[in-house]
Amino acid sequence: MKFDVLVVGEGLAALSMILSMPETAKIGVISKNKFNELSSYWAQGGISAVYSSEDNFDKHVKDTLIAGDGLCNEDAVRKIVGEGTSVLEWLVELGVPFTQENNLIHLTREGGHSERRVAHVDDMTGRGIMQVLLAKVALMPNVVWIRQHEALELISDGNAVTGVVAESLADGEISIFKSGNIVLAAGGVTGLYPFATNPYASKGEAMAMAWRAGAQIENLEFIQFHPTAFQLDGKVISLITEAVRGEGGHLLNDKGSRFMSKYSHLGELAPRDIVARAIYSEMMECESSHVYLDVSHKGINFVEKHFPNLVALTKKYNFDLSRKSVPVSPAAHYTCGGISSDVSGVTSVNGLFAIGEIANCGLHGANRLASNSLLECVVMGMECAKIIKNKDRKSIKSDGFVISRFIKGQISEKILPELKSVLWNCAGIVRNDLGLKNGLDKLQQLYFKNNENIPYAQGIKSQNIYDAARLILLSASARKESRGGHFNSNHRQKNCSPESNLIESDVEINFTRSNLTVHGDIERNVA
């Protein structure tokens, strides 16, 4: 089956791109998930935009650059931040029911923001936006949903992509979908960690596919751990939005004492990486699995009005956010790095685009400013559509691409639990040189756990998550400094010139414009 545009993923970035395309373009969407399993759907806080008279673009840009800790691309920041007001107006026009106050969009404030600029739909903004956009896309006659299919590999010669190999999750049938424009919008890598805020988080599969197809991977060491995940008995129940602290919530240690003033003059409103490490430090000091988040002093009516879904959720587990503190701990939340691209999603491989969390366009740098991600999704989706609309539509030839039923597997199909353990222990909130080396050694040992012929799809799925985990460890090992979301206890200071750290291994790693870049060779044996 051939398409003008083939999209892998169906979150906010993908929908924004699709809604910006002309109805003359035949668009295929490879959809693995149900609509409520997407990271975009679970975004609680909101979407940042300059929308009040007290705010301005320069303030938003400055806050973003500070959070990014020296690795943002300022041109990308200014482009995306500059579109914030128009993006918000576009969403309102589509019918997104943003929370109102005095007949105006209510703006809240989150960590790292100097002003109130986060528009939200109660405390489930992602759900509010996605339901509206999914309904709009469902009415587009030119969009073909390839449901219950998982993308496995990109068809590429290293210079250009021509298609995607995918497996039907219903019957296991392998299909090839052809297009000269492939848009990856499949999320990040947080599903590779045992504690993650999104219940169905991506595990970096599409990122690994792009890397093997010749794309560059940047800044993958910068995994953002959300400071406050509601957790019980060692399991993450749900994210507790940044807005709870933005509206005055306090963090308390196991002794019932506030502690954030020891770590930052911004207290609970410090950037997420600082808050996450502070919580981690308090947990270690108190030998506890969690700290507490308390906003009950704001009053029952205030909390129930601003966070109705979280109040209902915590009550379900015999807590009540409006009346008492709830146990929280950090969890993997967002991938700040990814496939190297510009704001339009253009990558180093012809015809391959990356938008949303899977991409590294330069907005987030070493650490994402809260609620900038939904804004990035919409802007990148719109800009990507502009590029594709202006491209010549070239016919894709049927090149006789053949897939073997079986491949030589070198990785166990049950590798995921071991990968999660390795990444949490070796590339988690706090890292060190020995731990990162041990992590890579353990991955090398896992690689040879199986050396038998196994079904193609099974082998490629294992390879995808293995490659993604290895890229995280390689990237973290290469950065001999502490910056943003990457903290190495052996290298606590920032490098003045990180581009001088040139590392060569079986995967070529170097620093480009102060950003870590990973290049993959193209070695596939599926024909």
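Trainee: In this predicted model, is Gly-381 buried or exposed?

Mentor: Gly-381 is found in helix 11, and the category depends on its relative accessible area, where anything under 20% counts as buried. The value for Gly-381 is 0%, so this residue falls in the class called buried.

Trainee: Which residues is Gly-381 in contact with, leaving aside its neighbours within four places in sequence?

Mentor: One partner can be approached through the backbone, since the C-alpha atoms of Gly-381 and Ile-355 are separated by 6.4 Å although the two residues stand 26 residues apart along the chain. With the neighbours within four places set aside, the residues in contact with Gly-381 are Ala-13, Ser-16, Met-17 and Ile-355.

Trainee: Which helix gives the most to the largest nonpolar core?

Mentor: In general, nonpolar side chains of soluble globular proteins tend to be buried together. Here the largest nonpolar core has 113 residues, and Met-17, Leu-133 and Leu-154 touch the most other members. The helix that gives the most to this core, with nine residues, spans residues 372–389 and is helix 11.

Trainee: Which residues does Leu-133 touch, not counting residues up to four places away in sequence?

Mentor: Leu-133 belongs to the largest nonpolar core and is one of the three residues named as touching the most other members. Once residues up to four places away are left out, the list for Leu-133 reads Leu-12, Leu-15, Ser-16, Leu-19, Trp-90, Leu-91, Leu-94 and Val-96.

Trainee: How many residues are in the second, separate core?

Mentor: This core is separate from the one just described, and its members include Met-260, Val-303, Val-311 and Val-326. The number of residues in the second core is 22.

Trainee: Is the pair of Phe-195 and Trp-424 stacked or edge-to-face?

Mentor: A search of the whole structure finds eight aromatic pairs. For Phe-195 and Trp-424, the ring centres are 4.8 Å apart and the planes meet at 70 degrees, and planes over 60 degrees apart count as edge-to-face. Phe-195 lies in the loop between strand 12 and helix 6 while Trp-424 lies in helix 12, so the pair ties together parts that are 229 residues apart in sequence. The arrangement of the two rings is therefore edge-to-face.

Trainee: Which residues form one aromatic cluster with Phe-195 and Trp-424?

Mentor: Both of these residues are partly exposed, Phe-195 with a relative accessible area of 27% and Trp-424 with 25%. The cluster that holds them is completed by Tyr-193 and Phe-225.

Trainee: What is the volume of the largest cavity?

Mentor: The search of the whole structure finds two cavities of 30 Å³ or more. The largest cavity is lined by residues including Phe-225, Asp-273, Arg-277 and Asn-367, and strand 14 and helix 8 each supply at least two residues of its lining. The volume of the largest cavity is about 60 Å³.

Trainee: How many of the residues of helix 6 are buried?

Mentor: Helix 6 is mostly covered, and its buried residues include Glu-205, Trp-211 and Arg-212. Just after this helix, Gly-214 takes a positive phi of about 110 degrees. For helix 6 itself, the count of buried residues is eight of eight.

Note on methods:
Residues numbered from 1 in each chain as written. Predicted model: local features only at pLDDT ≥ 70, side-chain atom pairs only at ≥ 80, totals over all residues. Heavy atoms only, no water. Phe/Tyr/Trp six-rings, centres within 6.5 Å; stacked < 30°, edge-to-face > 60°. Helix = DSSP H or I, 4+ residues; strand = E, 2+ residues; numbered from the N terminus. Buried < 20%, exposed > 50% of the residue type's maximum accessible area, 1.4 Å probe, protein only. Core = buried A, V, L, I, M, F, W, Y, C linked by side-chain atoms within 4.5 Å. Contact = heavy atoms within 4.5 Å. 1 Å grid on protein atoms, 1.4 Å probe; cavity = no way out; pocket = protein on both sides within 12 Å on 5 of 7 lines; lining within 4 Å. Points joined across faces, edges and corners; volume = space filled by probe spheres on them.
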